[in-house]
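User: Hi! Could you walk me through this structure with a few questions and answers?

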Amino acid sequence: MSGSIHSELAEIETRALRDVGAARSHETLQSVERALLGKAGDLTRILRGLKDLSEAERKEVGQAANLLKGRIDAALAARGRELDQAAVEASLASASLDPTQPGPRRHLGHEHPVMAVMRELSDLFESMGFTVVDGPEVETDFFNFEALNIPPNHPARDAQDTFYVEGGHVLRTHTSGMQIRALREWGAPLRVAVPGRVFRNETQDASHEHTFHQLEGLVVDEGISVAHLKGVLDEMLARYFRMEPGERPATRLRPHHFPFVEPGLELDFQCRICGGRGCATCKGTGWIELCGCGMVHPRVLQAGNVDPERFTGFAFGMGIDRLTMMRHGIADIRWIMSGDLRFLGQFR
Amino acid sequence: MKLSLRWLCEHVDLSGLAPEQIAHELTMKTALIEGFEKQGEGLDEVRVGHVVQREKHPNADRLSFCRVDHGGGVAEVVCGAPNVAAGQRIAYAPVGCTLPGGLRLEARKIRGLLSNGMICSRKELGLGEESDGILVLPDDAPIGRPIAEALGLDDVVFEIDNKSVTHRADLWGHRGFARELAAIFDRPLKPLPIDKTLAPDPSAYPVRLDDPGGCPLYLGLRVEFEALPPTPAWMARRLEAVGMRPISLLVDLSNYVMLETGQPTHPFDEERLEGRRIVVRPARPGEKLKTIDGQSRALSPSDLVIADGERAVALAGVMGGAESEVRSGTRRVLLESASFDAARVRRSAARLGLRTEAVARFEKTLDATLPELALRRYASLLRSIAPGAKVHPGFAIAGAVHARMPTLALRPDRARLKLGYDLPTDEMARRLESIGFAVRSDDDDLAVTVPTFRARRDVTCEDDLIEEVGRLSGYERVPAALPRADVRPAAAAPLRQVARDAVLAFVRECGFAEHVGYSFATDRHVEHYHHGHEGHGETRPFVRLTNSRTADATRLRRSLVPGLLDALARNLVEHADVRLVECGREYLPERAEGELPGERHVLAAVRALRGGEPAALVLDLRTDVETCLRRVRLSWEGRRPQGELPPFAHPGRAIEIAVPRPGGEAQVVGLLAQLHPEVARRFEIAEPAAVVELDLAQLAAEPRPPLRMEPIPQFPPARRDLAVEAPEAATVAEIEREIRAAGGERLARVELFDVYRGGKIAAGRRSLAFRLEYRAADRTLTDDEVNGLHQRVVDRLAKQGVTLRT
């Protein structure tokens with residue numbers, strides 16, 4: 001009796017090892033396992049039949065069957081690992097892709113380049129302690145001109161340069177009108193930056209727009225000097241041009257006239273295209289005008305209800321469109337407000 | 001404005017200074033020099049030639065064959081100019097030379113004959129625009145000399161940026177710049193040769209000032225002569241160098257004196273003045289004047305005129321009259337040199353659109369002592385050029401010289417504080433004296449007397465003196481320093497923050513390009529968008545511009561949408577999916593006189609999709625709005641619009657955007673809609689399009705309850721899908737409200753995931769599929785509990801006519 005069982009175990013083992021070895025997939029391996037060790041499996045049947053044997057036979061056959069079960073489990077596990085490894089190798093061997101093939105296209109938006117510069121500079125001045133404020137685009141004659149020391153009939157307010165609206169107000173020709181509003185509202189000491197849209201009644205061409213953007217800066221405190229004006233604008237340029245820490249921009253101050261500052265100045269920076277040797281961008285001068293600026297005129301401080309004996313201040317007003325055009329090499333200002341996606345779509 | 005270096009050198013010795021250096025120093029200390037031009041540059045190889053022989057070209061009627069002696073030999077040249085003749089002295093450009101226009105000369109055959117070089121015209125030499133033939137030189141021009149030398153082209157011409165001298169009346173002549181250069185380079189300013197023998201004589205010619213405010217001083221110099229020589233070549237060259245055409249000696253002298261001193265003068269033909277008198281008075285109503293440019297000008301009583309006994313003969317400070325103009329037969333001249341009120345001149349010039357050289361100077365308020373100086377300078381020049389002319393020793397005078405020389409206090413400490421560096425007091429005094437100010441010490445301060453030529457509007461307070469000191473000392477001496485200040489943070493700016501967050505949400509998350517549009521409403525916008533209504537609902541008229549030079553800029557926009565629709569239409573030509581967003585202002589008319597118009601901060605976005613489905617496009621844009629409002633930390637609900645719709649909105653597919661307020665009425669913050677088909681047609685947008693407008697100030701003002709973290713559920717939810725059929729009139733929000741009411745607090749989540757019409761669904765009804773999640777905070781719900789809750793939901797909906805789909 002036990003002899004036939006032993007030969008049966010031997011036969012099961014032979015078949016099991018053959019079938020395990022022949023399994024090409026986990027599915028086949030699982031069916032081989034089921035045929036041997038499942039509910040109706042060959043080895044299970046033998047193990048179930050142990051209870052019908054004599055105690056001595058049960059012990060002997062049981063031990064042999066269990067040893068066989070152990071060997072079959074080991075063979076199944078080994079084959080399973082082989083199959084896993086083969087699958088990984090097959091995947092590695094078969095998969096490839098063209099790294100230059102693009103993924104599915106996503107519709108990306110575009111920040112307007114001038115607005116991006118306005119936001120960047122607003123943040124920059126805010127980080128330097130300026131409060132960023134905005135004012136009305138339709139402004140009174142008083143704030144846009146008169147309080148800025150530009151009385152009626154002053155050449156600086158030539159009718160052809162200013163848009164007038166019915167009722168005598170103007171479309172602000174600069175953001176400087178906010179100087180007085182800010183001084184009156186907050187008094188001194190004061191640091192404000194005013195980014196905004198301004199208007200000039202001009203015929204449009206490649207370098208003239210009737211609508212453009214400025215950023216005004218105003219600092220009023222005790223002891224403010226031209227040196228502080230230069231310091232702040234140098235810092236701004238260093239950041240705008242992404243200079244290395246410690247690197248300073250080459251700038252120069254030269255006289256210019258604006259009725260609301262005294263001394264009146266322009267700040268130029270050395271042309272970044274030619275390094276100051278002279279090129280088309282800087283019209284051969286080696287310098288590019290950044291902004292009109294100067295020390296706030298005492299009459300302006302007075303108009304802002306600030307005591308010009310106690311406080312001094314500096315102000316500057318820079319054109320954002322030109323800074324943007326320089327950054328991106330935009331040759332014609334009319335693209336700025338063209339609304340053309342062939343233009344807007346180039347900026348990320 | 002142009003400056004001649006040779007002219008400047010007559011007033012101050014500039015020898016040894018390169019033009020580059022002069023331009024740089026003027027730019028850094030006085031006024032921006034835009035550039036300079038060396039006359040004759042590029043003409044080094046062009047020489048004076050002599051046409052020794054000229055005959056007709058054998059193969060061409062209009063060409064000549066010439067032999068030209070150029071000092072270094074004789075060249076054979078074919079010439080096309082009709083005025084070439086044997087014996088002429090001409091400008092000869094040899095083979096191998098490059099002319100100012102960039103033309104490089106080579107020997108070439110013209111109609112069979114070899115031409116070695118070129119006989120040049122003024123234009124080819126870069127000396128003029130007109131070119132009706134070759135340039136013919138005087139017969140004594142030395143053969144072989146460089147042409148620049150023969151023509152006296154040895155000047156350097158500087159170009160001044162006019163805008164940088166609008167405040168400096170003294171810089172509108174060479175003398176003023178010479179004074180600056182003398183100070184800058186520390187060289188003496190030479191005295192101006194003037195006729196010192198002249199004396200005022202009120203009887204010399206009767207002058208009456210009817211309007212002393214408009215003309216406080218009027219001088220007249222009488223000159224008689226039989227004949228006058230032509231303008232000397234040196235003077236003609238200088239006038240030409242600075243861009244003025246020589247005309248006749250009398251006129252050229254007047255221009256020369258103006259370009260030198262800054263004072264305009266005007267010569268009248270005295271024999272053409274009626275009634276032997278000058279009256280300076282306001283123009284009479286209806287009075288006309290034919291000015292020297294040949295135009296008949298209708299005058300207004302606000303204009304000041306120079307009149308004789310009969311009629312106006314000149315527009316004061318602007319332009320002379322044609323009838324009293326000097327001409328070739330003139331034998332007697334009255335030279336006017338006067339002071340005119342700057343504002344008056346400016347207004348007349350602006351009204352008549354006449355921007356003359358005289359206006360550019362008078363409008364700046366000239367030095368009151370200048371008229372006499374100019375008169376004496378004119379006399380001195382005239383005497384030296386035309387010794388035969390009889391200059392009357394007494395000049396007519398009316399009015400008075402109102403010259404002021406105020407003394408201002410300059411506190412050196414104040415100057416050092418404003419300039420930001422330690423400038424010595426004695427240097428301040430020296431700088432001021434170098435440009436004509438008188439300085440004396442007054443305790444710690446300086447008492448500074450302003451010269452007449454700076455005192456009118458230019459230097460009137462201490463800060464003006466600080467500018468003079470600062471610029472002449474050199475701004476490169478100013479160090480860079482950062483201001484010290486308190487660390488008080490800037491005030492919060494909710495509108496600016498919300499505007500930025502909202503537009504960047506559209507840009508960065510929804511694929512929109514940021515548009516920046518004009519603030520103007522064009523005629524087309526009014527007609528096509530506002531349906532011709534100048535007032536929206538006849539209540540809100542446009543803010544109008546009164547003086548626009550641009551036809552498209554006559555009103556301020558009342559909506560951002562029309563500009564965006566224009567851009568949408570243009571971009572659809574090249575792009576299938578156009579998404580544009582803009583943050584900007586709408587302008588609303590003022591409510592009361594004198595008040596400023598209202599400015600409303602708005603975000604508007606438009607989208608069009610070629611081949612898109614309109615309803616789906618509206619829903620897409622709705623999701624974009626959802627994204628945007630989330631980024632500005634607001635929750636919202638879409639509602640059927642109440643009241644009047646904006647023109648862009650399709651009434652059948654419009655969504656009012658409302659922000660709920662706890663315990664109150666929801667606040668409407670915007671509107672989203674399919675583009676109205678009529679507006680779409682007018683703007684030529686053939687593709688489905690949708691538009692949204694958001695009121696940014698309202699978005700910024702809405703209260704935002706603090707975001708608090710919800711506890712994370714410990715037990716899993718039970719999910720049930722609910723597909724119902726509902727009448728179209730029942731909104732998703734209403735059905736959701738019913739579902740939530742029935743489900744109670746155990747119903748944690750309701751989400752619409754499908755909408756379907758047609759098929760087995762009856763017309764006027766739609767199928768809606770919701771996913772519901774039931775959950776308890778303290779345990780896992782049993783199937784029986786969930787089924788009971790779900791049945792309550794189904795029953796409640798059934799009562800509203802919303803039935804389970806079978």
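User: Happy to start with the domains. How far apart do the C-alpha centres of domain 3 and domain 5 of chain B lie?

Analyst: Good place to begin, and keep in mind that this is a predicted model. The domain assignment gives residues 199-399 of chain B to domain 3 and residues 494-701 to domain 5. Between the C-alpha centres of these two domains of chain B, the distance is 60 Å.

User: What is the radius of gyration of chain B, next to that of a compact globule?

Analyst: Let's start with the box that the C-alpha atoms of chain B fill, roughly 130 × 85 × 60 Å along the principal axes. For a compact globule of 806 residues, a radius of gyration near 28 Å would be expected. Chain B instead has 41 Å.

User: What share of the residues in chain B is buried?

Analyst: Here we count a residue as buried if 20 or more other C-beta atoms lie within 10 Å of its own. Chain B has 806 residues to sort in this way. The buried share comes to 43%.

User: Which strands of chain B are the edges of the seven-stranded open sheet?

Analyst: Try reading the sheet in chain B from one end to the other: β28-β33-β34-β38-β37-β36-β35, with mixed pairing. An edge strand pairs on one side only. In chain B, the edges are β28 (513-514) and β35 (637-639).

User: Which residue is the bridge partner of Glu637(B) in β36(B)?

Analyst: Nice, let's zoom in on that end of the sheet. β35(B) pairs with β36(B), residues 649-661, in the antiparallel sense over three bridges. Within β36(B), the bridge partner of Glu637(B) is Ala658(B).

User: How many charged residues are on the side of chain B that touches chain A?

Analyst: The contact takes 73 residues from chain B and 69 residues from chain A. Elements of chain B that give two or more residues to this side include α2 (19-29), α14 (494-510) and the edge strand β28. By class, the side of chain B that touches chain A has 34 nonpolar and 17 polar residues, and its charged residues number 22.

User: Over in chain A, which residue of β7(A) stands opposite Arg252(A)?

Analyst: Two strands of chain A matter here, β6 (residues 251-255) and β7 (residues 261-270), and they pair in the antiparallel sense over five bridges. Together β6(A) and β7(A) form a hairpin, with five residues between them. Opposite Arg252(A) stands Asp268(A).

Note on methods:
Residues are numbered from 1 along each chain as its sequence is written. Chains are lettered from A and ligands numbered from 1 in the order in which they are written. This is a predicted model: local features need pLDDT of at least 70, side-chain atom pairs count only at pLDDT 80 or more; totals for chains, interfaces and linings use all residues. Two strands pair if DSSP finds at least two bridges between them. Helices (H or I, at least four residues) and strands (E, at least two) are DSSP runs, numbered from the N terminus. Two residues are in contact if their C-beta atoms, placed from the backbone, lie within 7 Å. Ala, Val, Leu, Ile, Met, Phe, Trp, Tyr, Cys and Pro count as nonpolar, Asp, Glu, Lys and Arg as charged, and the others, Gly among them, as polar. Domain bounds come from an automatic or database domain assignment. The radius of gyration is taken over C-alpha atoms; the globule rule is 2.2 Å times the number of residues to the power 0.38. A residue is buried if 20 or more other C-beta atoms lie within 10 Å of its own, exposed if 12 or fewer, and partly exposed in between; C-beta atoms are placed from the backbone.
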